[in-house]
Each structure stands twice: as C-alpha cells, then as structure tokens.
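Subject: Structure for you to look at

Hello,

Here is the structure I promised. Please open it alongside this email; my notes follow below.

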Amino acid sequence: MSLKEILFSTMNAFNCLMKWFPLNMKEPLSLINMFMFWSWFIIIFYNYFKTIFLGPSFLRKRWRPKNKEDEKYLQYCTICQGFKTSQAYHCRKCGRCISKFDHHCPWMNTCIGHVNQTNFCWFLFYSILGCLHALLMISPCVYRVLFIPYSSLRINEPRIYFTLTGLISSILTLGFTIGVIIAVGLLLIIQIKNIICNHRRLKSFIYPYNLGFKENICQLFNRIDYFNLITDG
Ligand SMILES: [Zn+2]
Ligand SMILES: [Zn+2]
C-alpha cells in the first residue's frame, strides 16, 4: 500500500462521502462522519511516516558485546563486520543488521523491527478502519449509480452523479479497499501473532524468545532497554 494509493483512495472515498453523506452543520451524524473520516487519514499518515522516520533500529556496525565470552553465543555479520544481537538479521535491501527484524516492507522501503513495529501495527490497524469507512461511503454510491434508475428514486432520496472517470475511479477504489481489508487484516494477524509469541523470521537461534504473553507485549511498548545502547536508528 503505497502513499499514492492511499491518497487516491482517500480522494475517491471523500468524493463519494460528499455525494452520499454531505456535510451538514446541523446534523451531528454528518459531523461525526466527517470527523472520523479525516481522523483515520491523519492517524494513518502519522503512523506511516513515523514507521519510516523512526526506522527499525539498525545495529551499530562493527558492534561487539562488552564481554568477549559472549561472542561465542552470537552470530557474526561479515557485511557489517560486527556481531548480531540475538534476534537481529541482516537485511540485504537496507544493507544493515536490524535489531528484532520482522520483515522488509517494500511499500515503506524500510525494515520493520524493534523500534518501529508498534507504529507499523497501528498503521495496519487504522488502515483497515479507514478502508471500512471508505467502503461504507463508496459502495452505496456505486450501487445506486449502476443498479438503481433515477426514475425509481423518491423525491427526498439523494441523486448521485458520476463522470465516467469518477465512476471508474470509485470502482477501482472499491476493489482496492476490499483487497486492503483482507490483505492488511491477514498481515496484522501475523504481526500480532509474532508479537505475542515474540517470534522473528530467523533461520536459527540459540535461545528461545517467548517470554510469555505479558512480557512479549511489554517489549513492544518498552523501547528503553539495552537495544538503545547498541543501535543507531
Ligand atoms: Zn549486517
Ligand atoms: Zn530492510
């Protein structure tokens, strides 16, 4: 889900919102609807950029544990010329070792790791809510235009008009929102499962990392730990 797709969908959903549920200052529901619509948008963008700018937490190049004895328990990265912490993994696309590596996100062009995983999960969660809201605004508009003739509408029912481009864009957005709800929903389930089990995509590791449900969740929200001492962003 790239930035262009988010903007494209938001604009089309807003176009449908103004046709189907236009802003009316005297109607509280219409105000709430508008407020929620733009709230999703702001929260999604906030978490999108925060995930990118925070970064996953790259391990320092040429990092070594303080105690030389510990080196035998750690894997060595020949590219970064340093030791990897227990759940670190070298990302070829970023060219660095990532602390608590989860995956490399091609849409954000950064890795998801120790520091930015929380914002990434919020991004996924609010993207689903935003898409559900967009779906509620777009589908009645498209349905009415395609399947209900104007002559059968009552006088007080809204008449919805689309240009051909507007209609095609709305249908495309409809498909996009459904796809996002399914795909992002699955990704979010995997993320939550990984967080709860403290599971990372590592080929091999020496110690188990499942510290229990509560501690695994706490690790996600508590970033002030020893990782801060050995990472640089
Ligand atoms: Zn590396
Ligand atoms: Zn990466």
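Start with a helix contact. In α1, residues S9, N12, A13, C16, L17, K19 and W20 meet A134, M137, I138, P140 and C141 of α3. Contact means C-beta atoms, placed from the backbone, within 7 Å. Helices are DSSP runs of H or I with at least four residues, numbered from the N terminus.

This is a predicted model: local features need pLDDT of at least 70, side-chain atom pairs count only at pLDDT 80 or more, and totals for chains, interfaces and linings use all residues. Residues are numbered from 1 along each chain as its sequence is written, while chains are lettered from A and ligands numbered from 1 in the order written.

Now the geometry. The axes (lines fitted to C-alpha atoms over the stretch in contact, with angles from 0 to 180 degrees between N-to-C directions) of α1 and α3 come within 8 Å and cross at roughly 60°. The two helices are therefore oblique to each other. Oblique covers angles that are not under 35 degrees (roughly parallel), over 145 (roughly antiparallel) or 65 to 115 (roughly perpendicular).

Next, α2. This helix covers residues 28-54, 27 residues in total. From first C-alpha to last, α2 reaches 38 Å, close to the 39 Å expected at 1.5 Å a residue (1.5 Å times one less than the number of residues). Its buried residues are W40, I44, N47, Y48 and T51. Buried means 20 or more other C-beta atoms within 10 Å of the residue's own, all placed from the backbone. Their cover includes α1 (3-20) and α3 (117-147). G55 follows α2, with a positive phi near 75°.

Best wishes

Key. A residue is buried if 20 or more other C-beta atoms lie within 10 Å of its own, exposed if 12 or fewer, and partly exposed in between; C-beta atoms are placed from the backbone. Two residues are in contact if their C-beta atoms, placed from the backbone, lie within 7 Å.
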